[in-house]
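Hi,

Here's the structure I promised to pass along. Have a look when you get a minute, and my notes are underneath.

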Amino acid sequence: MAINWFPGHMAKTRREIKENLKLVDAVIEIRDARIPRSSCNPEVDDLCGLKPRIILLNKSDLAEDKITQEWIKYLTKSNVKAIACNSITGEGLKNIKPMLNELLLEKHNRLKAKGLQNIITRVMVIGIPNVGKSQFINKMAKNSIAKTGDRPGVTKSRQWIKTKLGIELMDTPGILWPKLESEETQLNLAFTGAIKDEIMDIEELSLNLIDELTKKYPDRLIKRYKLDILSENPLENMNKIGLKRGAVISGGNIDRNRVAVLLLDELRGGKLGDISFEKPEI
């Protein structure tokens, strides 16, 4: 699958991020805990430079905790902290303020030495589409200021959101990068919904998903769809799932589009269990 999806507003957002970094003290980068590598825009390191950064591994409830903890160790360095979180329930978000205080300790000490006591920390929130930026911002602000949706690309323009924690958040639209070189990255982004289904062949995508799960999580497919055994052929497994779920059309054929939609919805909804598609390269 060749996917090149770089709408004009994404190029504009990249320019805005670079220009607006001078307005903030730190960056919060949100990634999908199931695909921390694929959900990282490779331009982020260059864009952010030495700006203090917190990497939120969001949707951690959908990923294997052990693997997520490995990612946290892998991603943490001098000016970067990483934590697991769930922006819907708020789990893990209480760690953000202490982490920001730690990353900005020297700057805050300088400000306090000048007599400033009520320090407001300004933070830019970035991330690719559909990683949960708006959910995170709404949870931090405790209301629905930022627009949310289950489709990638809902947030369209920059906005400032105040919180009760002495933190102001600058929201930005989700950005992908001009060309997705790796097929693995393309598939992982498509599996988790970062790329619009409308531009995909979802039957082909679902066959790739079945192949991936058959290799890494065969027990999940067997248990969820009450299968006796899995084949090495993804198409055969798709047909078995279709039979079990009654996705049969005239002539006894399997409605593969229906099965494809079912599989993707159940994966994204967590019904296949906690799944991590990527491990850190340790």
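Below is what I found around one helix, plus a short note on a buried aspartate.

First off, keep in mind that this is a predicted model.

The helix is α8, which covers residues 202-216. Its 15 residues reach 20 Å from the first C-alpha to the last, close to the 21 Å you'd expect at 1.5 Å a residue. Right at its start, Asp 201 puts a side-chain oxygen within 3.2 Å of the backbone nitrogen of Glu 203.

On the buried side of the ledger, α8 has Ile 202, Leu 205, Ser 206, Leu 209, Ile 210, Glu 212, Leu 213 and Thr 214. Those buried residues pack against four helices: α7 (183-191), α9 (218-225), α10 (234-244) and α11 (256-268).

I looked at the α7 pairing in more detail. The two axes, of α7 and α8, come within 10 Å and cross at roughly 100 degrees, so α7 is roughly perpendicular to α8. From α7, the contact uses Leu 187, Ala 190 and Phe 191, while α8 brings Leu 205, Asn 208, Leu 209 and Glu 212. By type, the residues of this contact come out as five nonpolar, one polar and one charged.

Now the aspartate: Asp 171 sits in strand β6 (residues 167-171). It counts as buried because its relative accessibility is 0%. As for a partner, the side chain of Asp 171 makes a polar contact of 3.3 Å with the side chain of Lys 133.

Cheers

Conventions:
Residues numbered from 1 in each chain as written. Predicted model: local features only at pLDDT ≥ 70, side-chain atom pairs only at ≥ 80, totals over all residues. Heavy atoms only, no water. Helix = DSSP H or I, 4+ residues; strand = E, 2+ residues; numbered from the N terminus. Expected span 1.5 Å × (residues − 1). Buried < 20%, exposed > 50% of the residue type's maximum accessible area, 1.4 Å probe, protein only. Contact = heavy atoms within 4.5 Å. Polar contact = N/O pair within 3.5 Å; in protein donor to acceptor, adjacent residues only side chain to side chain. Axes fitted to C-alpha atoms, helices over the stretch in contact; angles between N-to-C directions. Parallel < 35°, antiparallel > 145°, perpendicular 65-115°, else oblique. Nonpolar A, V, L, I, M, F, W, Y, C, P; charged D, E, K, R; others polar.
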